Amino acid sequence: MSDATLHSVTQDPDDFAVQIADSIESFIVATTEVAKGDEPDSAVPFLLLEVSQLLLAGGRLGAHEDIVPDERYEPDTGPDLDVDELRMGFATLLEPVDVFSEVFDPYEPRKAPVPARISDNLADIVTDLRHGLAHYRAGRTSEALWWWQFSYFSNWGPTASATLRALQSLVAHVRLDQPLADLAGLDTDEDITEDDLAEEAGRVMAEELGGLGRPLA
């Protein structure tokens with residue numbers, strides 16, 4: 001696989017690596033703009049769109065055969081860029097709906113839901129994507145694709161999937177005129193046992209299911 005530099009005029013726009021890199025850079029640029037908070041009313045549906053599009057790129061990486069980097073050991077990309085400002089921007093923007101309930105592995109039986117934050121998830125996703133983008137911009141295309149594929153399976157893919165589910169639920173609640181249940185008990189800063197989480201998640205789900213039968217206004 002030949003080396004590449006992002007947006008080089010010599011690149012084939014139909015090349016798999018170019019398309020993945022463009023999708024990832026587009027996500028980073030778009031979500032960074034959202035985190036500035038200039039358009040709070042459209043933030044959630046816009047993030048829903050951006051995370052959905054990112055997961056399309058992730059699905060392509062997941063369906064691709066295992067990518068093997070050119071080097072045996074990963075070259076140093078330098079320190080990862082600080083995402084605390086991005087994280088805080090999302091936390092401020094999404095404050096009323098930032099915390100949600102997540103199940104890490106749907107195939108692990110009887111695993112209790114845990115609290116998570118959309119703001120933390122988005123910042124973590126951007127960190128993973130930027131790491132691969134540093135390789136790509138340095139011309140290490142195979143290393144970038146390997147990292148994006150590996151971290152899609154190990155971290156940013158599951159994190160983005162959970163975030164998409166939360167964002168989709170928020171949009172659905174608004175469009176279907178279904179008030180959100182009180183999730184004050186699900187706080188990532190509190191020391192909550194698995195039994196507490198299971199009980200709270202069960203209560204929320206029961207209320208959700210009960211609300212589905214109501215006619216739309």
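## Helix H5, the nonpolar core and an aromatic cluster

Of the 217 residues that make up the chain, 41% count as buried; the model discussed here is a predicted one. The chain holds six helices and two strands, and reading along the sequence gives the order α-α-α-β-β-α-α-α. Among contacts with a separation of 6 or more, 72% join residues that lie 24 or more positions apart. The accessible surface of the chain amounts to about 12700 Å², and carbon and sulfur atoms contribute 53% of that area.

### Helix H5

Helix H5 covers residues 141–175, and its end C-alpha atoms are 42 Å apart, whereas a straight helix of 35 residues would span 51 Å at 1.5 Å a residue. H5 also contains a kink of about 75°, centred on tyrosine 152. Just beyond H5, aspartate 177 adopts a positive phi of about 55°.

### The nonpolar core

The largest nonpolar core has 45 residues, of which Leu129 and Trp148 touch the most other members. At least two residues of this core are supplied by each of helix H1 (16–35), helix H2 (43–63), helix H3 (84–93), helix H4 (118–137) and H5, and the largest share, twelve residues, comes from H5. Leaving aside residues up to four places away in sequence, tryptophan 148 touches Ile20, Ala21, Ile24, Leu61, Asp128, Leu129, Gly132, Leu133, Tyr136 and Trp156.

### The aromatic cluster

The count of aromatic pairs in the model comes to six. Two of these pairs are set out below, with the distance between ring centres and the angle between ring planes.

| Pair | Centre distance | Plane angle | Arrangement |
|---|---|---|---|
| Tryptophan 146 and tryptophan 147 | 6.2 Å | 50° | tilted |
| Tryptophan 146 and phenylalanine 150 | 5.4 Å | 5° | stacked |

The stacked label follows because the planes of tryptophan 146 and phenylalanine 150 are at 5°, and planes under 30 degrees apart count as stacked. Tryptophan 146 and phenylalanine 150 are four residues apart in helix H5, so about one helical turn separates them. In general, an α-helix has 3.6 residues a turn, so residues three or four places apart point the same way.

Trp146, Trp147 and Phe150 together form one aromatic cluster, and the accessibility of each member can be stated in turn. Tryptophan 147 counts as buried at 14% relative accessibility, because the cut-off for that class is under 20%. Tryptophan 146, at 25% relative accessibility, counts as partly exposed, and phenylalanine 150, with a relative accessible area of 41%, is partly exposed.

Definitions and conventions
Residues are numbered from 1 along each chain as its sequence is written. This is a predicted model: local features need pLDDT of at least 70, side-chain atom pairs count only at pLDDT 80 or more; totals for chains, interfaces and linings use all residues. Side-chain values use heavy atoms; hydrogens and water are left out. Buried means under 20% relative accessible area, exposed over 50%, partly exposed in between (1.4 Å probe, protein chains only). Contact means heavy atoms within 4.5 Å. Accessible areas come from the Shrake-Rupley method with a 1.4 Å probe; for residues, only the protein chains shown count as cover. The expected span of a helix is 1.5 Å times one less than its number of residues. The bend at a residue is the angle between axes fitted to the seven residues ending there and the seven starting there. A nonpolar core is a set of buried Ala, Val, Leu, Ile, Met, Phe, Trp, Tyr and Cys residues joined through side-chain atoms within 4.5 Å. Rings of Phe, Tyr and Trp (its six-membered ring) pair if their centres lie within 6.5 Å; planes under 30 degrees apart count as stacked, over 60 as edge-to-face and the rest as tilted.
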